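Me: Please take a close look at one part for me, the largest pocket. Then set that part against the rest of the chain.

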Amino acid sequence: MDIHHAAPADRVQCLLDVLKAVVGVIDMSDPDHPSFADSAADCLDELLRHEADIRALLARAQTYGRQTLSRGSS
């Protein structure tokens with residue numbers, strides 16, 4: 001998804017999907033969780049499935065943060 005041009009509701013859904021994936025990886029890292037994966041590669045693979053969205057969300061957040069800071073210092 002190109003979140004830079006997406007509607008706010010679509011960006012929120014993208015963010016929720018990424019957060020769910022991150023929480024899923026945390027669960028995979030927990031030996032007491034049913035989805036435990038005794039493999040760092042499995043955890044990394046799950047994050048890499050969302051790499052483009054994670055990077056796009058980070059870029060968007062950084063851009064928003066810089067714009068907010070520059071407005072505050074004017």
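Reply: The pocket comes first, then the chain around it, then two single residues.

This is a predicted model, in which local features need pLDDT of at least 70 and side-chain atom pairs count only at pLDDT 80 or more, while totals for chains, interfaces and linings use all residues. Residues are numbered from 1 along each chain as its sequence is written, and side-chain values use heavy atoms, with hydrogens and water left out.

The largest pocket has a volume of about 210 Å³. A pocket here is an open set of points on a 1 Å grid over the protein atoms alone, where a 1.4 Å probe fits, with protein on both sides within 12 Å along at least five of seven lines. Its volume is the space filled by probe spheres set on the points, and points are joined across faces, edges and corners.

The lining consists of R11, V12, L15, L57, R60, A61, T63, Y64 and Q67. Lining residues have an atom within 4 Å of a point. Two elements each give two or more residues to this lining: α1 (8–28) and α3 (51–72). Helix α3 gives the most, with 6 residues. By class, the lining has 5 nonpolar, 2 polar and 2 charged residues. Nonpolar means Ala, Val, Leu, Ile, Met, Phe, Trp, Tyr, Cys and Pro; charged means Asp, Glu, Lys and Arg; the others, Gly among them, are polar.

Now the chain. It has 3 helices and 0 strands, running α-α-α from the N terminus. Helices (H or I, at least four residues) and strands (E, at least two) are DSSP runs, numbered from the N terminus. The C-alpha trace spans about 50 × 25 × 20 Å along its principal axes. Of the 74 residues, 18% count as buried. Buried means under 20% relative accessible area, exposed over 50%, and partly exposed in between (1.4 Å probe, protein chains only).

Next, the two residues. H50 sits in the loop between α2 and α3. Its relative accessible area is 14%, so H50 is buried. Beyond its neighbours within four places in sequence, H50 contacts D17 and A21. Contact means heavy atoms within 4.5 Å.

E46 lies in helix α2 (residues 40–48). Leaving out residues up to four places away in sequence, E46 touches A21, V25 and M28. The C-alpha atoms of E46 and P8 are 25 Å apart, with the two positions 38 residues apart along the chain numbering.
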